[in-house]
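This report examines one protein chain, beginning with the confidence of the model and moving on to its architecture and selected side-chain arrangements.

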Amino acid sequence: MVNLHLTNAVIKNLTRNELDILQFIYKNPQQIPDMSIQTFAAAVSYSTATVLRFCKKLGYSGFAELKYALRQQTNELSCVTINTAEDATNTACLLDTLSQEIESTARLIQDEQLYQTFRFLDSDCSFYLWAPGGVTSILTDYFEKLLFSIGRQKVYKIDAFRVGEHILHHLPAKALLILISITGDFTPTKNLAKLAHMNDIPVLSITPCTNNAIAAFSTIHFHFFTNQRENCGAEFTSRLPAFYVIQLIVRAYLQYLQELPSHSKELPAEADRPNLHTLPLFRQAHDLALTETEQQILDYLENHLLECAFFGLKDLEQRLYTSGATIVRFCQKLGIQGFNELKYQIRSCLGKQQDPLFFANGLISHSIARFHDNVENSDTASLDTIADLLTSGRPVYIYGNALSSIAAKYLHAILTALDSPSILLEWPHLLTGLASEMSSNSILFLITAHGDTRYLSALEKTKEQGICSILLTCEADSPLLKACTYGLCANDKNEQYRQVDVNTRLGMLTIIQIFIELIVRKK
């Protein structure tokens with residue numbers, strides 16, 4: 001997967017047409033180096049002038065330089081050729097597409113976005129999560145459960161637009177509104193984003209990589225790549241990249257807390273701060289003839305060094321009540337090109353002084369590697385057989401509890417959208433009772449991260465009655481595996497934070513998404 005190293009500033013500056021071009025590049029990186037600009041323009045259905053403007057916005061002199069960069073990256077990728085049956089080839093392409101969407105999404109996540117989110121998580125402000133209904137509300141439930149699992153309090157869910165309007169008009173204290181949109185243009189979500197913006201309420205949004213209004217009104221915005229899909233009007237677009245963004249935010253915050261247990265919201269006392277004036281960057285600044293505004297910029301940087309290491313230019317503009325051009329001119333007086341280079345210098349300084357900084361590169365790379373491992377280790381033959389069972393017309397019961405209920409709800413909702421209805425179970429006692437009442441023609445799909453032995457009796461009952469049972473777990477040595485017909489194991493780690501389950505279930509959700517893709521292929 002190619003990595004164009006896009007920043008949020010670049011993405012926000014792209015038009016809808018240019019974002020379409022970007023998505024085409026991410027999906028077809030190996031074909032582009034052999035194309036002429038005319039061929040490429042025809043493939044994306046835009047003019048050569050639009051393509052050239054796009055290249056320059058990404059920092060390339062033209063299409064030739066973009067092709068060179070893509071060729072350099074694609075040459076480093078290992079190419080796997082599958083010379084087997086057509087189904088195997090199709091399945092490999094399916095898995096590759098999933099991997100491309102996740103890796104492309106991961107590369108869009110920046111330290112600045114995460115650090116700004118950490119500031120809200122560290123604060124005592126209230127979090128309001130908008131649940132618009134349908135499959136997207138499952139994402140809201142996922143975020144809510146993960147926030148509770150890491151000990152975040154004052155987390156509230158809004159599931160009616162009028163209630164949301166009322167809350168945003170009458171918030172008595174600081175708050176953060178969290179909006180998740182799969183299309184980026186759902187009218188109620190856009191209206192809430194606009195209303196929050198008008199009332200100076202910060203917004204954290206997770207939206208597709210398009211130039212959408214929700215992202216435009218957001219204080220912090222995370223983008224993801226996915227393809228919009230419908231089945232006779234029922235939308236079943238993959239939510240896996242959005243799930244990935246949510247879990248990465250939470251995992252990053254956990255790592256931030258666990259690796260830096262002594263981190264604080266304020267800088268150390270004056271006596272304990274790094275001696276900034278000994279640094280060439282700031283020593284030079286104090287020797288320069290600065291205007292009053294430039295002196296204010298310098299003073300603010302020295303007194304808010306940790307925050308400024310992760311600020312965007314607009315953040316600093318708002319705090320100093322000055323223009324971005326003035327800040328850039330100040331940076332240029334120091335002999336650097338702009339604000340991004342200034343942040344790099346500050347981060348280098350703090351890193352040497354062992355100040356509490358968090359960088360997400362390692363976590364993102366590790367999460368991508370684990371995702372690939374999970375996909376590559378999947379038994380595609382068994383997955384294909386189970387996909388046939390789920391769409392066979394037999395009664396299907398899907399069970400999940402606590403955080404695992406998110407995976408169960410997601411599978412249930414998408415199966416329904418694909419005209420393969422199922423019955424959702426979330427209560428352990430109901431599962432135990434129904435295990436004796438299901439017909440022998442039924443299928444039980446049990447999802448439990450911990451391979452909980454309390455479900456053993458239910459699986460044994462279904463086995464006695466000849467009922468087909470499918471288990472999805474994270475425990476490779478779970479005793480439940482011997483009692484089920486089909487056993488699947490994701491590579492999620494069952495971890496706890498302060499004795500609370502913080503397994504984000506992304507591996508399980510990935511296997512669920514593979515089922516969905518296999519089912520779509522059969523339709």
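## Confidence of the predicted model

The structure is a predicted model. Across the protein chain the mean pLDDT is 84, and 88% of the residues reach 70 or more. Two stretches call for separate mention. Over residues 76-85 the pLDDT is below 50, and this stretch has six contacts in the model beyond near neighbours in sequence. The pLDDT is also below 50 over residues 261-278; for that stretch, the model shows 28 contacts beyond near neighbours in sequence.

Where pLDDT is low, the predicted coordinates should not be read in detail.

## Overall architecture

The secondary structure of the protein chain comprises 24 helices and 14 strands. The chain has 523 residues, of which 52% count as buried. Among contacts in the protein chain with a separation of 6 or more, 72% are accounted for by residues 24 or more positions apart.

## Strand β4 and its neighbours

Strand β4 spans residues 203-208 and is mostly covered, with six of its six residues buried. Strand β3 (residues 175-180) runs parallel to β4 and is joined to it by four bridges. Within this pairing, L179 has S205 of β4 as its bridge partner. Helix α10, residues 187-198, completes the connection: β3, α10 and β4 make a right-handed β-α-β unit.

β4 also pairs with strand β5 (residues 220-224), again in parallel, through five bridges. Here the bridge partner of I206 is F222, in β5. In a regular strand the side chains alternate between the two faces of the sheet.

## Aromatic pairs

The count of aromatic pairs comes to 10. One of them joins F40 and F63, whose ring centres lie 5.0 Å apart with 35° between the planes, a tilted arrangement. F40 belongs to helix α3 (residues 37-44) and F63 to helix α5 (residues 63-76), so this pair ties together parts that are 23 residues apart in sequence. F40 counts as buried because its relative accessible area is 0%, and F63 is likewise buried, with a relative accessible area of 5%.

What is the geometry of the pair formed by F243 and Y410? The two rings are edge-to-face, at 5.2 Å centre to centre and with 75° between the planes. Because F243 lies in helix α12 (residues 240-259) and Y410 in helix α21 (residues 404-417), the pair ties together parts that are 167 residues apart in sequence. Both F243 and Y410 are buried.

## An aromatic cluster and a charge over a ring

The rings of F40 and F63 are also members of an aromatic cluster, which F24 joins. Elsewhere, an aromatic ring is associated with a charge: the charged end of R152 sits over the ring of F127, at 4.1 Å from the ring centre.

## A buried loop residue

Is A309, in the loop between α15 (305-308) and α16 (313-320), buried or exposed? A309 counts as buried because its relative accessibility is 0%. Along the chain, A309 and Y115 are 194 residues apart, while their C-alpha atoms are separated by 9.4 Å.

Note on methods
Residues numbered from 1 in each chain as written. Predicted model: local features only at pLDDT ≥ 70, side-chain atom pairs only at ≥ 80, totals over all residues. Heavy atoms only, no water. Buried < 20%, exposed > 50% of the residue type's maximum accessible area, 1.4 Å probe, protein only. Helix = DSSP H or I, 4+ residues; strand = E, 2+ residues; numbered from the N terminus. Pairing = 2+ DSSP bridges. Right-handed = clockwise from strand over helix to strand, strands pointing away. Phe/Tyr/Trp six-rings, centres within 6.5 Å; stacked < 30°, edge-to-face > 60°. Lys NZ or Arg CZ within 6 Å of the ring centre and 35° of its normal. pLDDT = per-residue confidence, 0-100. Contact = heavy atoms within 4.5 Å.
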